[in-house]
Amino acid sequence: MRVTRESLIRIAKDAAQERAYNDRSIVAAYLTGSLVSNPQPMLGGTTDIDLVLVHDAEGAAARQIVKLTPDFHLDIRHRARSDFKSPRELRTDPQLGWELYDPMLLYQREKFFEFVQAGLRAGFEFNAPSLVMGRCRKLLVAARNAWRDLTDMEAKQSGARQVMQFLSALRDAANTVAETSGPPLAERRLLLDFVARAQAAERPEFTATVFNLLGASQTDAAIVAAWIPQWKADFLAAAAMSTADPGVHAARLNYYEKAIQALLAGETPLTSLWPLLFTWTLAAGVLIDPPSQAWSDACNRLGLLGPSLIERASSLDGFLDEIEVLLDEISSANGLDTSSSL
C-alpha cells in the first residue's frame with residue numbers, strides 16, 4: 001500500500017465525517033500535527049494522524065489510539081466545547097493556542113470553528129511579543145513546578161515517577177525556548193528540531209545543555225541501539241495493561257521504533273534518546289511492580305536515578321534560570337514587564 005501525506009489526509013477526513021455522522025455531540029473536527037505543519041511528516045516511514053474532535057458536552061474519553069496499519073494510526077483527542085469558550089485566553093495557551101492557530105478543518109456545524117479561530121487571530125496579535133512571552137512563561141512555570149516537585153523527594157524514592165517528572169520539566173523547558181519562535185516541538189523530533197529553535201533564540205549553547213541534562217554524554221549510538229529490544233519488550237508489556245498511558249499503545253510501537261532507528265542512522269544519532277527514554281519511562285511507570293531492570297540500568301547509566309538525579313535536577317535549575325534570563329531579555333527589548341517586575 002502506497003501511503004502519502006495526501007492519502008493520510010483523506011483518511012482523516014473520512015474518519016472525522018464518519019464519527020460526526022454517528023455522534024451528534026461532535027460540533028467540529030480538525031487535523032493538527034505534522035500532517036498539517038510539516039511537508040515531510042514521515043520519520044522512519046511512519047507518522048500518525050492527529051485528529052481532534054470537539055464535543056458539545058463533557059464526558060468523552062480524552063484520547064483514543066486507532067490502528068490503521070502497523071505503521072499508521074489515528075491519534076484522536078476529544079475536547080469539550082467549553083475548552084474554547086474564551087478565544088482570547090487561548091492566545092496565551094502554549095499548547096491549545098497553537099493547535100487552533102492553523103489546523104486543517106475537516107468538519108463543523110454552527111460555524112463553531114470560524115468563531116473560535118477569529119477570536120484567536122483577532123488583530124493578527126497571536127504572535128505579538130506580549131502573547132509569545134505569555135505562552136513561554138506559562139511553560140516555564142510548568143517546568144519550574146515539575147522541578148520543584150522533583151527536589152522535594154529523597155534520593156531513595158527515585159523511580160519512574162521521579163524520572164518522568166524530570167523529563168516533563170526538561171520537555172517544558174525546551175518548549176519554552178522553542179515557543180519564542182514558533183509552535184511546541186513534536187514528540188519524536190524534540191531533540192532533532194530543538195537545534196534550530198535554540199539558534200533562533202540566539203542561545204545555540206542551549207542544545208548542548210539539553211543533551212547533557214538528558215545524559216547523552218554518558219552513552220553513544222551503539223548503546224542506545226542495544227537498548228531497543230528491551231525497550232520494545234517493556235513497551236508491549238505496558239501496552240497490554242489496562243492502566244497504560246494512551247501514549248504507550250501497541251499501535252504506536254512502529255511509530256516510535258522506526259523513528260528511533262531513523263534518528264540513530266541520521267547525522268545526530270543521539271537525537272533518538274528522547275523518544276526512546278520518554279516512552280520507556282512511561283512504560284516503566286506502568287510496570288512498576290516488578291520494575292524493569294533494563295530501564296533502571298539505562299537510567300543509571302544516564303545519571304537519572306538516585307543521587308545522580310538530584311544532581312541533575314540542580315543542573316536543570318540552572319538551565320531554567322538561564323531561560324528566565326532569555327525571556328527577560330526578549331521582554332525588555334519589546335518594552336514588556338520582566339520577571340523581576342511581575
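**Exercise 1. Which residues of the largest nonpolar core touch the most other members?**

Solution. Of the 71 residues in this core, those touching the most other members are Phe 166, Leu 170, Trp 227, Trp 231, Trp 295, Leu 316 and Phe 319. The term nonpolar core stands for a set of buried Ala, Val, Leu, Ile, Met, Phe, Trp, Tyr and Cys residues joined through side-chain atoms within 4.5 Å. Buried means under 20% relative accessible area, exposed over 50%, and partly exposed in between, with a 1.4 Å probe and protein chains only. The model is predicted: local features need pLDDT of at least 70, side-chain atom pairs count only at pLDDT 80 or more, and totals for chains, interfaces and linings use all residues. Residues are numbered from 1 along each chain as its sequence is written, and side-chain values use heavy atoms, with hydrogens and water left out.

Next, find the element that contributes the largest share of the core: α7 does, with 11 residues. Helices (H or I, at least four residues) and strands (E, at least two) are DSSP runs, numbered from the N terminus.

Apart from this core lies another, of 18 residues, which include Ala 12, Ala 29, Leu 35 and Tyr 107. In soluble globular proteins, nonpolar side chains tend to be buried together.

**Exercise 2. List what Trp 295 touches, not counting residues up to four places away in sequence.**

Solution. Apply the contact criterion, heavy atoms within 4.5 Å. Trp 295 then touches Gly 159, Ala 160, Val 163, Asp 234, Leu 277, Trp 280, Thr 281, Ala 284 and Leu 305.

**Exercise 3. Trace the pairing of β1, β2, β4 and β5.**

Solution. Two strands pair if DSSP finds at least two bridges between them.

Step 1: start from β1, residues 26–32, where seven of the seven residues are buried. β1 pairs with β2 in the antiparallel sense over six bridges. Within this pairing, Thr 32 has Asp 50 of β2 as its bridge partner, and Leu 31 has Leu 51 of β2.

Step 2: join β1 to β5, residues 104–108, through four bridges; these two strands run antiparallel. Here Ala 29 is bridged to Tyr 107 of β5. Ala 29 and Tyr 107 are also among the members of the 18-residue core.

Step 3: go from β2 to β4, which run parallel and are joined by nine bridges. One of the partners is His 73 in β4, bridged to Asp 48.

**Exercise 4. Why is β2 described as largely enclosed by the rest of the structure?**

Solution. Nine of the nine residues of β2 are buried, so the strand is largely enclosed. Check each face: Thr 47, Ile 49, Leu 51, Leu 53 and His 55 are buried on one side, and Asp 48, Asp 50, Val 52 and Val 54 on the other.

Then turn to Ser 34, which is found in helix α2. Ser 34 is buried because its relative accessible area is 15%. Leaving aside neighbours within four places in sequence, Ser 34 is in contact with Pro 41, Thr 47 and Asp 50.

**Exercise 5. Characterise the largest pocket.**

Solution. On a 1 Å grid over the protein atoms alone, a pocket is an open set of points where a 1.4 Å probe fits, with protein on both sides within 12 Å along at least five of seven lines; lining residues have an atom within 4 Å of a point.

Step 1: the volume is about 1400 Å³, taken as the space filled by probe spheres set on the points, which are joined across faces, edges and corners.

Step 2: 47 residues line this pocket, and the closest to its centre are Gln 95, Pro 184, Leu 185, Ala 186 and Glu 187.

Step 3: elements giving two or more residues to the lining include α2 (34–37), β4 (72–80), α7 (160–178) and α12 (273–286). β2 gives the most, with five residues.

Step 4: the lining divides into 20 nonpolar, nine polar and 18 charged residues. Ala, Val, Leu, Ile, Met, Phe, Trp, Tyr, Cys and Pro count as nonpolar, Asp, Glu, Lys and Arg as charged, and the others, Gly among them, as polar.

**Exercise 6. Is Glu 202 buried or exposed?**

Solution. Glu 202 counts as exposed because its relative accessibility is 65%. Glu 202 lies in the loop between α8 and α9 (205–214). Its phi is positive, about 60°, although Glu 202 is not a glycine. Most residues other than glycine have a negative phi.
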